[in-house]
Amino acid sequence: MIILKSSNEIQKIRESGKIVSEALNLAGEAVKPGMTTWELNELIEKVIVGHKARPSFKNYNGFPAASCISPNCIVVHGIPSKKVILQEGDIVSVDVGAFLNGYHADAARTFPVGEISREARTLIDVTKECFMRGAAQAVAGNRIGDIGFAVQSYAEENGYGVVRELIGHGVGRNLHEDPDVPNFGNKGRGQRLANGMVIAIEPMINAGTAAVDFDKEDGWTVRTRDRKLSAHYENTVAITPDGPVFLTV
């Protein structure tokens with residue numbers, strides 16, 4: 001069931017979103033070669049808790065950390081670790097959620113670690129543009145398929161794979177709500193969008209194949225099947241009479 005949010009509820013999500021944005025901005029500034037993904041997670045958790053909020057991901061279905069930190073070929077759900085050390089030339093996707101005053105917000109960015117290759121930079125830039133093109137379709141009267149079509153078209157025009165198994169979602173009192181928001185689709189198909197809907201649009205774009213593998217040991221980590229790079233860009237977006245409003249920037 002899709003739950004439309006009032007302007008007051010959207011404002012509460014925005015307050016959670018400001019915390020998410022601050023955590024991501026600080027994470028992006030802190031990322032450097034030699035840093036462990038666990039250290040990055042600790043910084044993020046400190047920001048969230050410092051605002052008297054709760055990390056949305058911690059203990060969510062058993063996830064053990066405050067953030068998902070996913071270097072290189074890890075698409076999403078990377079578990080922070082003291083053993084994973086970021087290296088010059090890596091890219092790292094950081095996914096953060098915060099829960100405050102009864103509402104969640106959710107966003108992700110992919111950051112360079114030191115100097116990165118032109119190919120890696122292009123992947124990051126295209127993934128962000130995929131998000132922007134998808135979000136531009138998040139207006140009342142359009143359909144979910146319009147968002148997915150915009151993301152998929154731009155990614156595939158650039159020769160990249162669009163992950164099918166993992167998708168965006170509604171956001172509100174629960175971290176994951178209806179509707180599903182795939183990063184692929186057909187124009188004019190799917191759920192019609194309405195003012196008051198709040199959704200996480202989150203392209204996950206692979207440098208090579210769209211296919212992914214789910215780690216059977218930890219139950220969380222998702223990698224590109226060909227082990228090529230993947231990038232992730234996400235914001236929580238409100239659909240309003242004034243158009244799409246980003247709540248996590």
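Here are three short exercises on this structure, each with a worked solution.

The model is predicted, so local features need pLDDT of at least 70 and side-chain atom pairs count only at pLDDT 80 or more, while totals for chains, interfaces and linings use all residues. Residues are numbered from 1 along each chain as its sequence is written, and side-chain values use heavy atoms, with hydrogens and water left out.

**Exercise 1. Find which residues of helix 2 are buried, and work out how they are arranged around the axis.**

Step 1: Helices (H or I, at least four residues) and strands (E, at least two) are DSSP runs, numbered from the N terminus.

Step 2: Buried means under 20% relative accessible area, exposed over 50%, and partly exposed in between (1.4 Å probe, protein chains only). In helix 2, the buried residues are Thr37, Leu40, Asn41, Ile44, Val47 and Ile48. Viewed down the axis of helix 2, its buried residues fall within an arc of 125° (taken from the directions from the helix axis to the C-beta atoms), so they line one face of the helix.

Step 3: Turn to the face of helix 2 that points away from its buried side, and you meet the exposed residues Lys46 and Gly50.

Step 4: Cover for the buried residues of helix 2 includes helix 1 (7–30), strand 1 (54–55), strand 2 (67–71) and strand 4 (91–100), where contact means heavy atoms within 4.5 Å.

**Exercise 2. Describe the ring pair of Phe131 and Tyr233.**

Step 1: Rings of Phe, Tyr and Trp (its six-membered ring) pair if their centres lie within 6.5 Å; planes under 30 degrees apart count as stacked, over 60 as edge-to-face and the rest as tilted. Three aromatic pairs occur in the structure.

Step 2: For Phe131 and Tyr233, the ring centres are 5.3 Å apart and the planes stand at 50°, so this pair is tilted.

Step 3: Phe131 belongs to helix 3 (residues 118–135) and Tyr233 to the loop between strand 13 (230–232) and strand 14 (235–240), so the pair links distant parts of the chain, 102 residues apart.

Step 4: Phe131 and Tyr233 are buried, and ring pairs link them with Phe246 into a cluster.

**Exercise 3. Place strand 9 among its partners.**

Step 1: Two strands pair if DSSP finds at least two bridges between them. Strand 7 (residues 168–170) is joined to strand 9 by two bridges, and the two run antiparallel. Four bridges connect strand 9 to strand 14, again antiparallel.

Step 2: Ala200 in strand 9 stands opposite His169, and also opposite Thr236 in strand 14.
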